[in-house]
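Reader: Could you take me through one part of this model, the helix that packs against two others, and tell me who touches whom there? I'd like the cut-offs too, so I can redo the numbers myself.

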Amino acid sequence: MGLVAVSIHLHFRAAAESEIRDDHTWLAEFMSNAWDHDDEEYAAGIATSINKSFDALDRLYAAAAVPEASTVGGPWTLPVYGGRPVPHDAGPQPTDWDPPMMLLEAAGVCQAAEFLAQVSFDDLWHVAYDGLPGTTGIESLDRKDFLFQHQDLRRFYAQAADAGHAVVKCVWA
């Protein structure tokens, strides 16, 4: 039996809060529609995704935490995992249609955009690469990939913040 490659993405989609339902089933459909039309939505700047390395990118952003500050709740926590979890719908058993979801409201989107606009990628990389606790593994990943993902998230969040949008996040396998 051969190995099956699994691709895991953290998918982001921006929309007006008034258009978003706080319902897991509805959000799964909303995100699935974006995934099916990702080229158009990516080109429009209302969707993006990170393939596999989103946890390492979150750890890279944690390098922005000043040593005396708590790593919980700072602006560096917002771009990747920020937002509140959207609970799975009640049912007998979760299915593939119950992917983990987060909703970052418009105020949090603005904070994430501001953080990304102000933070120096080179400074983050330097701190993380030099062994900031909790960033093990970042140095083994390609700096160009991280820079691309950082620039992409910076553009995405800036556009979402300018539009006053919230961001829905979903992990797809």
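Author: Here is a walk around helix H7, with a little about the rest of the chain at the end.

Some ground rules before that. This is a predicted model, in which local features need pLDDT of at least 70 and side-chain atom pairs count only at pLDDT 80 or more, while totals for chains, interfaces and linings use all residues. Residues are numbered from 1 along each chain as its sequence is written, and side-chain values use heavy atoms, with hydrogens and water left out. Helices (H or I, at least four residues) and strands (E, at least two) are DSSP runs, numbered from the N terminus.

Let's start with H5 (residues 106-118) and H7 (residues 143-163): their axes come within 8 Å and cross at roughly 140°. Axes here are lines fitted to C-alpha atoms, for helices over the stretch in contact, and angles run from 0 to 180 degrees between N-to-C directions. That crossing makes H5 oblique to H7; the classes are roughly parallel under 35 degrees, roughly antiparallel over 145, roughly perpendicular from 65 to 115, and oblique for the rest.

Who does the touching? On the H5 side you have Val-109, Cys-110, Ala-112, Ala-113, Leu-116 and Ala-117, and they meet His-150, Leu-153, Arg-154, Tyr-157, Ala-158, Ala-160 and Ala-161 of H7. Contact means heavy atoms within 4.5 Å. Sorted by class, the residues of this contact come out as 11 nonpolar, one polar and one charged. For that sorting, Ala, Val, Leu, Ile, Met, Phe, Trp, Tyr, Cys and Pro count as nonpolar, Asp, Glu, Lys and Arg as charged, and the others, Gly among them, as polar.

Now the other partner. The axes of H3 and H7 come within 11 Å and cross at roughly 80°, which makes H3 roughly perpendicular to H7. Ala-56, Leu-57, Leu-60 and Tyr-61 of H3 make this contact with Phe-146, Gln-149, His-150 and Leu-153 of H7. Its residues are six nonpolar and two polar, with no charged ones.

His-150 deserves its own look. This residue of H7 is buried, with a relative accessible area of 1%; buried means under 20%, exposed over 50%, and partly exposed in between (1.4 Å probe, protein chains only). Its side chain joins that of Tyr-61 in a polar contact of 2.9 Å. A polar contact is a pair of N or O atoms within 3.5 Å; within protein, one must be able to donate a hydrogen and the other to accept it, and residues adjacent in sequence count only if both atoms are side-chain atoms. Not counting residues up to four places away in sequence, His-150 touches Tyr-61, Leu-116, Val-119 and Phe-121.

Back on H5, Gln-111 counts as partly exposed at 48% relative accessibility. Gln-111 and Trp-76 are 35 residues apart in sequence, yet 9.2 Å apart in space, C-alpha to C-alpha.

As for the setting, the chain has seven helices and five strands. Buried residues make up 43% of its 173 residues. Of the contacts in the chain with a separation of 6 or more, 76% are between residues 24 or more positions apart.
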